[in-house]
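Visitor: I should like to learn how to read the features of a structural model one at a time. Could we begin wherever you consider best?

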Amino acid sequence: MPEELLQPFTVQLDFTSGLLAPDPVVLDRRLSDMQGYFLEEPAADALAYSVHEIHVPKTSNNLLSSTTVLAPGKVGNEFFMTKGHFHAVRDRAEIYLTLSGQGLLVMATEDGTAKTLDMTPGGASYVPGHWAHRSVNTGDEPLVFYAVYIGDAGYDYATIADEGFPVVVVDNGQGPEVVENPRYRRS
Ligand code: M6P
Ligand code: ZN
């Protein structure tokens with residue numbers, strides 16, 4: 001028997017709102033927390049997304065999970081998105097299950113290879129280790145997804161904050177388009 005035996009538990013998850021009950025740890029990210037992330041600086045502040053995390057010990061034998069509720073909207077032509085991160089422990093993988101809304105999952109390796117996957121309800125996307133990941137809301141409704149990741153993965157935000165992703169997702173007037181990031185590794 002392990003020294004600290006966890007008790008099994010169930011958390012109730014609302015697929016539309018992304019809310020968890022009971023007792024989630026909630027982290028709000030506002031546009032004002034995301035200076036330098038968009039090609040243009042946001043003209044006004046707003047809540048961009050909330051992360052609702054199920055609390056378990058952050059160890060390699062546990063699975064952390066959270067819902068993210070990403071608001072619809074744009075900064076200039078760029079759709080609202082999460083900050084995005086590599087895992088501090090680079091090889092740690094993650095699964096994204098889209099619950100509601102429409103979006104894109106943007107991923108990149110450290111050598112600059114980019115990959116995007118559609119996020120639509122019911123889609124379970126696998127993010128292997130070594131891929132930085134960001135979600136982008138390309139729809140008119142909140143994008144809600146459930147993510148599961150290895151407990152000791154940790155966050156490296158600095159690499160993305162400094163370099164960006166190789167691609168950005170913009171509204172070209174007809175819809176979302178994935179285009180090269182003119183500022184990738186340049187700012
Ligand atoms: C997903 C997971 C979380 C992450 C959240 C928001 O739910 O990947 O670990 O916190 O998205 O993304 P970020 O941390 O990059 O802002
Ligand atoms: Zn992650």
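Guide: Let us begin with the metal site. The zinc ion (ligand 2) is coordinated by His85 (NE2), His87 (NE2), Glu94 (OE) and His133 (NE2), at 2.1 to 2.2 Å. Please bear in mind that this is a predicted model.

Visitor: How are the donors of the zinc ion (ligand 2) spaced along the chain?

Guide: The donors follow the pattern H-x1-H-x6-E-x38-H. Within this set, His85 and His133 link distant parts of the chain: His85 is in the loop between β7 and β8, His133 is in strand β12, and 48 residues separate them.

Visitor: Are His85 and His133 buried or exposed?

Guide: Both His85 and His133 are buried.

Visitor: What is the geometry of the site of the zinc ion (ligand 2)?

Guide: The general reference comes first: four tetrahedral donors have ideal angles of 109.5 degrees. In this model the angles among the four donor atoms run from 83 to 163 degrees, and the site of the zinc ion (ligand 2) is irregular. The tetrahedral class requires all angles to lie between 85 and 135 degrees.

Visitor: Let us turn to empty space. How does one find it?

Guide: Rolling a probe the size of a water molecule over the atoms shows where empty space is left. Here the largest pocket has a volume of about 320 Å³.

Visitor: Which residues lie nearest the centre of the largest pocket?

Guide: The largest pocket is lined by 20 residues, and Val51, Thr68, His85, Tyr155 and Tyr157 lie nearest its centre. The elements that give two or more residues to this lining are β3 (25–30), β4 (47–54), β5 (63–70), β8 (94–100) and β13 (143–150). One of the central lining residues, His85, is also a donor to the zinc ion (ligand 2).

Visitor: What is the composition of the lining of the largest pocket, by class?

Guide: The lining of the largest pocket has ten nonpolar, six polar and four charged residues.

Visitor: How many cavities of 30 Å³ or more are there?

Guide: There are three cavities of 30 Å³ or more, and about 40 Å³ of space lies in the largest cavity. The residues that line the largest cavity are Glu78, Phe79, Met81, Val106, Arg134, Val136, Val167, Val168 and Val169. By class, seven residues of this lining are nonpolar, none is polar and two are charged.

Visitor: Which element gives the most to the lining of the largest cavity?

Guide: The strand β14 gives the most, with three residues. At least two residues of the lining come from each of β7 (78–79), β12 (132–137) and β14 (167–171).

Visitor: I should next like to read the salt bridges. How many salt bridges are there?

Guide: The count comes to eight salt bridges. One of them joins the side chains of Arg30 and Asp45, at 3.1 Å from N to O. Arg30 lies in strand β3 and Asp45 in the loop between β3 and β4, so this salt bridge ties together parts that are 15 residues apart in sequence. Arg30 is partly exposed, with a relative accessible area of 34%, and Asp45 is partly exposed at 41%.

Visitor: Which residues are joined into one network by salt bridges that share partners?

Guide: Consider the two pairs in turn. The side chains of Arg90 and Glu110 meet in a salt bridge at 2.9 Å, N to O. Arg90 is in the loop between β7 and β8, and Glu110 is in the loop between β9 (103–108) and β10 (114–119), 20 residues apart. Asp156 also forms a salt bridge with Arg90, the closest N and O atoms being 2.8 Å apart. Asp156 lies in the loop between β13 and α1 (158–163), so its salt bridge with Arg90 ties together parts that are 66 residues apart in sequence. The shared partners thus join Arg90, Glu110 and Asp156 into one network. Both Asp156 and Arg90 are buried, whereas Glu110 counts as partly exposed at 43% relative accessibility.

Visitor: Finally, what should one look for in the backbone?

Guide: Most residues other than glycine have a negative phi, and most peptide bonds are trans. In this model the peptide bond from Ala21 to Pro22 is cis, with omega near -5 degrees; Pro22 is in the loop between β2 (20–21) and β3.

Visitor: Where is His130 placed, and what is its phi?

Guide: His130 is in the loop between β11 (124–127) and β12, and its phi is positive, near 75 degrees. Arg185, in the segment after β15 (176–180), has a positive phi of about 60 degrees. His130 is partly exposed, with a relative accessible area of 45%, and Arg185 is partly exposed at 40%.

Terms used
Residues are numbered from 1 along each chain as its sequence is written. Chains are lettered from A and ligands numbered from 1 in the order in which they are written. This is a predicted model: local features need pLDDT of at least 70, side-chain atom pairs count only at pLDDT 80 or more; totals for chains, interfaces and linings use all residues. Side-chain values use heavy atoms; hydrogens and water are left out. On a 1 Å grid over the protein atoms alone, a cavity is a set of points where a 1.4 Å probe fits but cannot get out, and a pocket is an open set with protein on both sides within 12 Å along at least five of seven lines; lining residues have an atom within 4 Å of a point. Grid points are joined across faces, edges and corners, and a volume is the space filled by probe spheres set on the points. Helices (H or I, at least four residues) and strands (E, at least two) are DSSP runs, numbered from the N terminus. Ala, Val, Leu, Ile, Met, Phe, Trp, Tyr, Cys and Pro count as nonpolar, Asp, Glu, Lys and Arg as charged, and the others, Gly among them, as polar. Donors are N, O and S atoms within 2.8 Å of the metal (3.2 Å for Na, K and Ca); water is not among the atoms, so sites may look incomplete. Four donors count as tetrahedral if all angles lie between 85 and 135 degrees; four count as square planar and six as octahedral if opposite donors are over 155 degrees apart and all others between 65 and 115; anything else is irregular. Buried means under 20% relative accessible area, exposed over 50%, partly exposed in between (1.4 Å probe, protein chains only). A salt bridge is a side-chain nitrogen of Lys or Arg within 4 Å of a carboxyl oxygen of Asp or Glu.
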